[in-house]
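Work through the exercises below with the sequence and the 3D view open. Try each task before reading its solution.

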Amino acid sequence: MDRAHLSEQEFADYYNIGYGLNKMSPEIAELIVSTQTRTPQLDALKAGIEISREPEKEKSHLPDWLKKDWFKEDSRDMTQDKTKEKGQERDEY
């Protein structure tokens with residue numbers, strides 16, 4: 001096989017490495033992206049790095065109420081009556 005081209009599997013492997021590298025070590029990923037050298041392997045790494053950055057870009061445009069972590073535990077009791085929180089009393093039957 002010609003060394004100037006990668007097979008689909010090799011491209012996918014380098015792409016996935018680039019994607020994971022940006023998540024685990026963004027500093028190293030930034031160094032790779034800033035290199036001037038062009039090889040098929042580096043191009044695949046850069047593609048994975050760039051794609052892994054896109055969700056961060058999209059999240060920065062979201063309103064604040066969509067940015068918060070919905071899976072973080074809340075200290076409030078879920079059975080707590082919301083009307084009592086607001087200072088209103090509810091009639092008991």
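**Exercise 1. Find the acidic partner that R53 meets within helix α3, and follow the salt bridges outward from there.**

Step 1. This is a predicted model, so the distances here are computed from predicted coordinates. The side chains of R53 and E50 form a salt bridge, with 3.6 Å from N to O. That falls inside the 4 Å cut-off.

Step 2. Place the pair. R53 and E50 both sit in helix α3, three residues apart, which is about one turn of the helix.

Step 3. Look for another partner of R53. E30 also forms a salt bridge with R53, and the closest N and O atoms are 2.9 Å apart. E30 belongs to helix α2 (residues 26-33) and R53 to helix α3 (residues 40-60), so this pair ties together parts that are 23 residues apart in sequence.

Step 4. Check the exposure of each member. R53 is buried, at 17% relative accessible area. E30 is partly exposed at 39%. E50 is partly exposed too, at 33%.

Step 5. Join the pairs. Salt bridges with shared partners link E30, E50 and R53 into one network.

**Exercise 2. How many salt bridges does the structure hold, and what is the distance between the closest N and O atoms of D43 and R38?**

Step 1. The structure holds three salt bridges. Two were met above: R53 with E50, and E30 with R53.

Step 2. The remaining one pairs D43 with R38, with the closest N and O atoms 3.1 Å apart.

Step 3. Compare the cover on each side. D43 is partly exposed, with a relative accessible area of 27%. R38 is exposed, at 65%.

**Exercise 3. Is K46 buried or exposed, and which side chain of opposite charge is nearest to K46?**

Step 1. K46 lies in helix α3. At 16% relative accessibility, K46 counts as buried, because the cut-off is under 20%.

Step 2. Search for a charged partner. Side chains of opposite charge can pair when their charged atoms come close. K46 has no salt bridge: D43, the nearest side chain of opposite charge, is 5.0 Å away. The limit for a salt bridge is 4 Å, so this pair does not count.

Step 3. List what K46 does touch. Leaving aside neighbours within four places in sequence, K46 is in contact with I32, V33, T35 and T37.

Step 4. Relate K46 to the acidic residue E30. The two are 16 residues apart in sequence, and their C-alpha atoms are 9.3 Å apart.

**Exercise 4. Which residues make up the largest nonpolar core, and which helix gives the largest share of this core?**

Step 1. The largest nonpolar core has five residues: A29, I32, L42, L45 and I49.

Step 2. Assign them to helices. α2 and α3 each supply at least two residues of this core. The largest share, three residues, comes from α3.

Step 3. Inspect one member. Apart from neighbours within four places in sequence, L42 is in contact with I32, T35 and T37.

**Exercise 5. Which residues does Q41 contact, leaving aside its neighbours within four places in sequence?**

Step 1. Q41 lies in helix α3. At 23% relative accessibility, Q41 is partly exposed.

Step 2. The contacts of Q41 beyond those neighbours are L6 and Y14.

Step 3. Set sequence against space. Q41 and Y14 are 27 residues apart in sequence, yet 6.4 Å apart from C-alpha to C-alpha.

**Exercise 6. What is the secondary structure of the chain, and where is confidence lowest and highest?**

Step 1. The chain has five helices and zero strands. Along the sequence the pattern reads α-α-α-α-α.

Step 2. Take the whole-chain figures. Of the 93 residues, 15% count as buried. The chain exposes about 8200 Å², and carbon and sulfur atoms supply 54% of that area. Among contacts with a separation of 6 or more, 54% join residues 24 or more positions apart.

Step 3. Judge the confidence. The chain averages a pLDDT of 77, and 54% of the residues score at least 70. Helix α5 (residues 82-85) has the lowest mean, 57, and helix α1 (residues 8-24) the highest, 93. Where pLDDT is low, the predicted coordinates should not be read in detail.

Notes
Residues are numbered from 1 along each chain as its sequence is written. This is a predicted model: local features need pLDDT of at least 70, side-chain atom pairs count only at pLDDT 80 or more; totals for chains, interfaces and linings use all residues. Side-chain values use heavy atoms; hydrogens and water are left out. Helices (H or I, at least four residues) and strands (E, at least two) are DSSP runs, numbered from the N terminus. Buried means under 20% relative accessible area, exposed over 50%, partly exposed in between (1.4 Å probe, protein chains only). Contact means heavy atoms within 4.5 Å. Accessible areas come from the Shrake-Rupley method with a 1.4 Å probe; for residues, only the protein chains shown count as cover. A nonpolar core is a set of buried Ala, Val, Leu, Ile, Met, Phe, Trp, Tyr and Cys residues joined through side-chain atoms within 4.5 Å. Lys and Arg count as positive and Asp and Glu as negative; His and the chain ends are not counted. pLDDT is the predictor's confidence in each residue, from 0 to 100.
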